[in-house]
Amino acid sequence: MTYKSIVVTKRGGLDALQIIDNELRDPLVGEVRIRILATPVCQDDIAVRVGNRPFLAKVPFVPGYSILGVVNAIGEGVTNVVTGDFVAALTNFGGHAEYIFLAEDQLVKVPSNLDPAEAVVLILNFLVAYQILHQVAGVKPGDRVLIIGASGGVGTAFLQLGKLASLKMYGLASASKRSTLTQLDAIPIDYHTQDFVEVIQQSEPDGIDFVFNGMGDDYFERGLAVLRRGGAFVHYGGPESFLRFLLLAGKLILYNLLPNGKSIKGYGTHRGATSSFKRDWGILFKLLEDGKIKPIIAEKFPILEAAKGYALLESGQVIGNVVLVTPELL
Ligand SMILES: NC(=O)c1ccc[n+]([C@@H]2O[C@H](COP(=O)([O-])OP(=O)(O)OC[C@H]3O[C@@H](n4cnc5c(N)ncnc54)[C@H](OP(=O)(O)O)[C@@H]3O)[C@@H](O)[C@H]2O)c1
């Protein structure tokens, strides 16, 4: 038997993609074979294909940063999951395929009553927003925050979790995405036509508590300008090249040396521990089960039509998330 996966064969555009057949082998010792039900498309899937990251996987590779699926076979020595369990994982690569083979310690069990397309969005985008809010920033009710990139996958996760945490939220978004922000009780600022520093300084003359930035480091200066003394700017955007990575590191050090009482912190899942992810995924699954959060799914595509999902995310028109699913979930 075989299964299909999406392969990036060279750096570049959508023409770099191919669908290939792989042998559906038995799992190795300690390994779990998973039939993938849902796998989102994220900015890093695109950046690694195009070549916009300082450290790049060699081609050919299968993109796909996170997955949710059903255990289809287990290797010798696997004790924590059985065939038929619903599981998810942060994979970084390999998710845009019909099947994936993962070590059992990478997996988190997922309540089977959750919608796979919604639950899989918790594995990266909601995890990032949750950990930044509650571990890096340590927000408390009433804190005033600015979310840069508020209409995207991570941004809308910040809005839902920020609303739950009773934050006063400002969000940068294009005018066409304004209503999503207002529905989630955020104050939208159209950064194309408005100077957000002016807007925030007018309504918050003492400054705000936190800025969350998934875009470039060119937001550092303006973000710091709207913070109060003691406030923090949290950056989680991926640098586009090795040079930008060095510049980013230099800026982080430099701005933290300035005697202005403001700090810049960095966050990246590649630096996090799987144990802390598993703890927070458990919290997020419960919030989804209880109806306290509901990931926004802009569009679903069949896994093997991943190129359509990449094209849509690359268009910049998406509000929320694009998720690839098995045909029965469409
Ligand atoms: N460090 C980590 O572990 C980690 C994990 C996940 C994601 N990320 C990073 O987080 C960033 C956002 O990811 P995402 O999945 O939320 O992306 P996304 O879903 O594509 O959303 C990004 C949104 O940002 C807005 N935007 C684009 N350029 C902007 C600019 N110059 N200023 C302000 N807003 C801008 C666009 O909406 P508008 O039309 O409203 O402007 C766009 O839809 C990416 O850089 C990604 O690499 C990092």
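Visitor: How do the residues of the shell around the ligand divide into nonpolar, polar and charged?

Guide: In this predicted model, the shell has 13 nonpolar residues, 14 polar residues and two charged ones.

Visitor: Which residues come nearest to the ligand?

Guide: Of the 29 residues around the ligand, the nearest are Gly 149, Gly 152, Gly 153, Ser 174 and Gly 214.

Visitor: Which helices each supply at least two residues of that shell?

Guide: Helix H1 (43-50), helix H3 (125-137) and helix H4 (153-164) each do so. H4 gives the largest share, three residues.

Visitor: Where does the ligand lie with respect to the domains?

Guide: Start with the assignment. The protein chain is divided into domain 1 (2-110 + 296-329) and domain 2 (125-270). Both domains give residues to the shell around the ligand, so the ligand lies between them.

Visitor: How do I read the relation between domain 1 and domain 2?

Guide: In general, the size of an interface is often stated as the accessible area lost when the parts come together. Here the description rests on contacts: 11 residues of domain 1 are in contact with 13 residues of domain 2. On the domain 1 side, the residues that touch domain 2 comprise six nonpolar, three polar and two charged. The C-alpha centres of the two domains are 29 Å apart.

Visitor: Now the sheet. In what order do the six strands of the open sheet run?

Guide: The general idea is that strands of a sheet pair through backbone hydrogen bonds, in either a parallel or an antiparallel way. In this case the order is E10-E9-E8-E11-E12-E13, and the pairing is parallel. E10 and strand E13 (263-266) are the edge strands, each pairing on one side only. From one strand to the next, the twist averages 20°.

Visitor: What joins each edge strand to its neighbour?

Guide: At one edge, strand E9 (residues 168-172) pairs with strand E10 (residues 186-189) in the parallel sense, over four bridges. Leu 172 has Ile 189 in E10 as its bridge partner. Between E9 and E10 the chain passes through helix H5 (residues 178-183), and this β-α-β crossover is right-handed. At the other edge, strand E12 (residues 227-235) runs parallel to E13 and is joined to it by four bridges. There, His 235 has Gly 266 in E13 as its bridge partner.

Visitor: Last, the backbone. Which peptide bond is cis, and which residue other than glycine has a positive phi?

Guide: As a rule, most peptide bonds are trans, and most residues other than glycine have a negative phi. In this model, the bond joining Val 59 and Pro 60 is cis, with omega about 0°. Pro 60 sits in the loop between H1 and strand E4 (66-74). As for phi, Asn 92 has a positive value near 70°. Asn 92 belongs to the loop between strand E5 (86-90) and strand E6 (99-103).

How values were computed: Residues numbered from 1 in each chain as written. Predicted model: local features only at pLDDT ≥ 70, side-chain atom pairs only at ≥ 80, totals over all residues. Pairing = 2+ DSSP bridges. Right-handed = clockwise from strand over helix to strand, strands pointing away. Near = placed C-beta within 6 Å. Nonpolar A, V, L, I, M, F, W, Y, C, P; charged D, E, K, R; others polar. Domains from an automatic or database assignment. Contact = placed C-beta atoms within 7 Å. Axes fitted to C-alpha atoms, helices over the stretch in contact; angles between N-to-C directions.
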